[in-house]
Amino acid sequence: MSAADEILDIVDENDQVVGRSPRGEAYAKGLRHRCSFIQVRDAEGRVFVHRRTPSKLVFPSLYDMFVGGVVGAGESYDDAALREAEEELGVSGLHRPEYLFKFLYDDGAGHSWWSAVYQVRCDLPVRPQVEEVAWHDFLPEDEVERRLREWEWVPDGLAAYERLKAYRSMG
């Protein structure tokens, strides 16, 4: 089954399920769905950063400071966060990511998804999927901040990152 055929829950502005659709159709028609965003840090507290492959359905070749992806039909945000983190990092036995908050991402151009933000520490050696990740490294937070002005980032990841910084500053 291709990624475009994966079945997603379609949700309303209150994150209530109102239908189901294949991922490709959800993207093409701008149907609101669910995603998980997981910030991964290593034992030194560095952030996992990667560049997406050119073949990705959305935001090909852009940089991201989260792993994650769409929540499958009937799947919980928590289960999707663990599944996506293990898949993208190429690890198994990862601790369950810690849920932080949720927000409705909207790019103003008809693309919108509920976004659950998590964090997890990964001390395991990572082997990211070559189909998903073209380049990766663990970068110190100050370097991530510097690179925000230099690299082209996925817009939903940037939105999640700004909210995460605000969330942490309130804590």
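# Reading a predicted model, from a buried loop residue outward

Modeller: Asp15 is buried, with a relative accessible area of 5%, and since this is a predicted model, what follows describes computed geometry throughout.

Colleague: Where is Asp15 found, and what sign does its phi take?

Modeller: As a general idea, most residues other than glycine have a negative phi. Asp15, which is not a glycine, has a positive phi of about 65°, and its place is in the loop between S1 and S2. That loop belongs to a hairpin with five residues between the strands. Strand S1 (residues 7–11) and strand S2 (residues 17–22) run antiparallel and are joined by five bridges, and Leu8 has Ser21 in S2 as its bridge partner.

Colleague: Which residue other than glycine, besides Asp15, should I look at for a positive phi near 65°, and is that residue buried or partly exposed?

Modeller: Ser61 also has a positive phi, near 65°, and is a residue other than glycine. Ser61 lies in the loop between S4 and strand S5 (63–64). With a relative accessibility of 30%, Ser61 counts as partly exposed, whereas Asp15, at 5%, is buried because the cut-off for that class is under 20%.

Colleague: How should I read the hairpin of S7 and S8, and which residue in its turn has a positive phi?

Modeller: The strands come before the turn in such a reading. Strand S7 (residues 98–106) pairs with strand S8 (residues 112–121) in the antiparallel sense, over eight bridges, and one of the residues to look at is Glu98, whose bridge partner in S8 is Gln119. Five residues lie between the two strands, and in the turn Gly108 takes a positive phi of about 80°.

Colleague: With which residues is Ala159 in contact, once its neighbours within four places in sequence are left aside?

Modeller: Ala159, which is found in helix H4 (residues 155–170), is in contact with Phe103 and Tyr105. The C-alpha atoms of Ala159 and Phe103 are separated by 9.5 Å, although the two residues are 56 apart along the chain. Ala159 counts as buried, at 13% relative accessibility. For the protein as a whole, residues 24 or more positions apart account for 62% of the contacts with a separation of 6 or more, and 47% of the 171 residues count as buried.

Colleague: How do I find the largest pocket, and what is its volume?

Modeller: The general idea is that rolling a probe the size of a water molecule over the atoms shows where empty space is left. Here the largest pocket has a volume of about 580 Å³. It is lined by 32 residues, of which Arg23, Arg52, Lys56, Gly68 and Gly69 are the closest to its centre. Two or more lining residues come from each of helix H1 (23–29), strand S3 (33–41), strand S4 (47–52), strand S6 (67–70) and helix H2 (77–89). By class, the lining comprises 13 nonpolar, seven polar and 12 charged residues.

Colleague: How many helices and strands does the protein have, and in what order do they run?

Modeller: There are four helices and nine strands, and from the N terminus on, the elements run β-β-α-β-β-β-β-α-β-β-β-α-α. The radius of gyration is 15 Å, close to the 16 Å that the globule rule gives for 171 residues, so the protein is as compact as a globular protein of that length. Taken along the principal axes, the C-alpha atoms fill a box of roughly 45 × 35 × 30 Å.

Note on methods
Residues numbered from 1 in each chain as written. Predicted model: local features only at pLDDT ≥ 70, side-chain atom pairs only at ≥ 80, totals over all residues. Heavy atoms only, no water. 1 Å grid on protein atoms, 1.4 Å probe; cavity = no way out; pocket = protein on both sides within 12 Å on 5 of 7 lines; lining within 4 Å. Points joined across faces, edges and corners; volume = space filled by probe spheres on them. Nonpolar A, V, L, I, M, F, W, Y, C, P; charged D, E, K, R; others polar. Buried < 20%, exposed > 50% of the residue type's maximum accessible area, 1.4 Å probe, protein only. Contact = heavy atoms within 4.5 Å. Pairing = 2+ DSSP bridges. Rg over C-alpha atoms; globule rule 2.2 N^0.38 Å.
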